[in-house]
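User: Hello! I am new to this structure and would like a close look at one part, the salt bridges.

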Amino acid sequence: MMTGALAPPAASAAATSRPDSIQQGLSALVHTDGLPAALASVKDREGRTRPYTAGVGDLATGSKVPRDGQVRIGSNTKVFTAVVVLQLVSEGKIGLDATVDTYLPGLVRGDGIDGRHLTMRQLLQHTSGLPNYTAYLGDDARYFEPRDLLDIALQHKADFAPGTKWEYSNTNYVLAGLIIQKVTGRPLAEELDRRIIKRIGLRHTSFPAPGDRTIREPHPHGYYRASAGAPLRDTTVMDPSWGWAAGQMISTNSDLNRFFTALLAGRLLPAAQLAQMRTTVPAPYLGPGARYGLGLVSRPLSCGGVYWGHGGSIPGYETRGGATDDGRAANIAVTMQPTDKAGMKRVERVVDTALCR
């Protein structure tokens, strides 16, 4: 287990002799963008891993950022959920082109919404047209059951007819999680733990139990700012149940690197299902050149090619990163969501720097 907070590698004499572009990028996010902390883990083609930190782990105490500390990973959770669905596809228990009603008959009905005409593929690829429940949560920080989240979405009209557009909706992954539970007869958290976390040795990754508002291992505090210039609020302790299968998990940058590397290497899915996962549609909302597969995003690199990952946004933490087919991997976390698109691009630029060195 990770213990204690260590000084960032750039503080060493060896590192100060030649400025490190990744350390410079993280420091700029802290000093120029005003983010409390930034931390990263970078793995090169030879498998060498290096952690980085910048900023302050707790603004109240001034403590250092724990090296490779745990963070809430938000929508990176979707990749884990999609992997379990695709494992069940490989086992013949779910059909990608089967309808939602096959597994949850009569449950998904609303204005322009009909589970008899929604497929599993459309859920995983965000082409279902289901309204995004998070647009209607407001500041309600209570505990939510997954069905509560679905019910919120079903009070609203479909965004478009299934299969006609791409639009990001957390509701898709809540439904996918409910289907995993129906098909397996076990809680989603157990399936994630058994099929992914334990299988590839993610020692610092977890799906918080109901009512667990804490981050259990060494971690930087996360902060929320409602708008530019507004005061910072510590949101480290929170109920993440509103994210559930779409965004509830906790992990570290190095565990995310291990996860994405194992996924691309075929250690979690048979070749046929991995190929389906990597079959993408344009997702311009996620940035220039971004494409969305089945829970997996490809983004272009300035040095050529693409990297595969996802990213996550949750009050207190923003995570970006992924892996390349030749074994490079980088994940970066900052302890406040950037308040504008330009800030987000600067976070993503550090990922590009790390993968293109």
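To start with, is R109 buried, partly exposed or exposed? Please go on from there to the salt bridges around the chain.

Analyst: Happy to help! A word on the basis: this is a predicted model, where local features need pLDDT of at least 70 and side-chain atom pairs count only at pLDDT 80 or more, while totals for chains, interfaces and linings use all residues. Residues are numbered from 1 along each chain as its sequence is written, and side-chain values use heavy atoms, with hydrogens and water left out.

R109 is partly exposed, with a relative accessible area of 31%; buried means under 20%, exposed over 50%, and partly exposed in between, using a 1.4 Å probe and protein chains only. Its partner in a salt bridge is D114, at 3.4 Å from N to O. D114 counts as buried at 17%. A salt bridge here is a side-chain nitrogen of Lys or Arg within 4 Å of a carboxyl oxygen of Asp or Glu, and the structure holds 23 of them.

Another one joins R195 to E91, with the closest N and O atoms 2.8 Å apart. This pair links distant parts of the chain, 104 residues apart: R195 sits in helix 8 (residues 188-197), and E91 in the loop between helix 3 (77-90) and helix 4 (100-103). Helices are DSSP runs of H or I with at least four residues, strands are runs of E with at least two, and both are numbered from the N terminus. R195 is buried at 7%, whereas E91 is partly exposed at 39%.

Lastly, R320 and E318 form a salt bridge with their closest N and O atoms 3.0 Å apart. R320 is buried at 11%, and E318 is buried at 0%. Elsewhere, salt bridges that share partners join E91, K93, R186, E191, R194 and R195 into one network.
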